[in-house]
Structures are given as C-alpha cells and as structure tokens.
Amino acid sequence: MALILLGVGATFTSMNIALDQYGRWGARIFPLAGSLSLVALGVAEWWGARGRPASPALNRAHLPAIAALLALAIAYVWVMAQFGYLISTAIAAPIALWIFGVRNVIGLCAAAVLCPAIYHLVFFELLGVFPPLGRWFDLLDVFGGY
C-alpha cells in the first residue's frame with residue numbers, strides 16, 4: 001500500500017512540472033512514467049501478496065547497500081553541482097552497479113561511458129531537459145555545451 005501511495009503522490013507531483021516552451025510535456029514524461037510504474041508495481045505486489053503471511057519488513061543484510069546507495073545519491077548531487085552532469089554520471093553509474101553486485105570491469109567501464117551518453121541523448125537532445133552546469137568545471141563546456 002505504501003508503494004501505491006508513493007506512486008500516486010509522485011504522479012500528482014509530476015503533473016506539476018511545467019510544460020516546455022512549445023507546450024509539450026518534455027520534462028514530465030520520465031517522472032510521470034516512473035510514478036505510474038510505482039503505482040502499477042504496488043498494485044502487482046499487493047495483488048500477489050494476498051493470502052500469504054507477512055514477511056519481515058527489512059532484511060538487515062541489505063542495510064549496508066541501502067546506506068551506500070543513500071550516500072551515493074547525496075554525493076552524486078553534490079558532484080553534479082560542482083563538476084556537471086557528464087562527470088558525475090560517469091562516476092556514479094559504475095559505483096551504483098558495484099553496489100548492486102556487478103564486478104565485471106568491462107561492464108563497469110561501459111556504464112561509465114554509456115550511461116552519460118544515453119541519458120544525454122534522451123534528456124538533452126530528445127526531451128530538451130538540461131541539467132545545471134557545474135560550478136567548478138563542466139565537461140559540456142569542453143564539448144561545446146548545449
């Protein structure tokens with residue numbers, strides 16, 4: 001039920017994101033899709049859990065990974081503000097995969113290159129949603145910006 005309520009709240013919040021200068025949904029699309037996915041997954045979880053005994057709320061073995069992801073999220077936002085989107089995403093993507101158990105060096109290196117490139121294509125080029133430039137340095141300035 002908590003997942004459903006979170007998804008409903010996120011859906012309403014996503015609808016408050018302003019339309020772009022052409023009146024298109026642009027920046028709303030991914031938050032709205034994610035919010036509706038939370039609702040759908042919450043409904044699926046609730047439907048699938050009917051008639052089963054409640055499981056423990058939290059497996060303590062997962063606490064270090066949860067703490068690491070929280071620390072990574074905070075560091076990611078700070079690094080993005082200082083060094084821009086490309087550098088912060090190239091650092092954060094392989095670290096997130098490492099936390100989730102990926103140990104393949106080629107995969108981690110590929111994530112460092114592909115995640116910033118694909119997200120850049122989707123958000124900047126296709127949706128026209130741009131992150132703030134880094135305060136200290138931004139690789140987008142080197143590549144000609146946006």
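Helix α2 spans residues 29-48, and Ile 29 is part of it. In this predicted model, Ile 29 comes out at 40% relative accessibility, so it counts as partly exposed; the cut-offs behind that label put buried under 20% and exposed over 50%. Ile 29 also turns up in a nonpolar patch on the surface, together with Met 15, Leu 19, Trp 25 and Phe 30. The patch covers about 440 Å².

Stepping back to the whole chain, the picture is helical: there are 5 helices and 0 strands. Read from the N terminus, the order is simply α-α-α-α-α. The protein chain has 146 residues, and 23% of them are buried.

Then there is the matter of empty space. Rolling a probe the size of a water molecule over the atoms shows where such space is left. The largest pocket has a volume of about 300 Å³. Two elements, α3 (63-99) and α4 (105-127), each give two or more residues to the lining of this pocket. Helix α3 provides the largest share, with 9 residues, out of a lining of 16. Nearest the centre of the pocket sit Tyr 76, Met 80, Tyr 85, Thr 89 and Tyr 119.

As for the chemical make-up of that lining, 15 residues are nonpolar and 1 is polar, while charged residues are absent. Thr 89, one of the residues nearest the centre, belongs to the polar class because Thr is not among the residue types counted as nonpolar or charged.

Technical notes
Residues are numbered from 1 along each chain as its sequence is written. This is a predicted model: local features need pLDDT of at least 70, side-chain atom pairs count only at pLDDT 80 or more; totals for chains, interfaces and linings use all residues. Side-chain values use heavy atoms; hydrogens and water are left out. Patches are made of residues with over 30% relative accessible area and no salt bridge: like charges are joined within 9 Å, nonpolar side chains (Val, Leu, Ile, Met, Phe, Trp, Tyr) within 5 Å. Accessible areas come from the Shrake-Rupley method with a 1.4 Å probe; for residues, only the protein chains shown count as cover. A salt bridge is a side-chain nitrogen of Lys or Arg within 4 Å of a carboxyl oxygen of Asp or Glu. Helices (H or I, at least four residues) and strands (E, at least two) are DSSP runs, numbered from the N terminus. Buried means under 20% relative accessible area, exposed over 50%, partly exposed in between (1.4 Å probe, protein chains only). On a 1 Å grid over the protein atoms alone, a cavity is a set of points where a 1.4 Å probe fits but cannot get out, and a pocket is an open set with protein on both sides within 12 Å along at least five of seven lines; lining residues have an atom within 4 Å of a point. Grid points are joined across faces, edges and corners, and a volume is the space filled by probe spheres set on the points.
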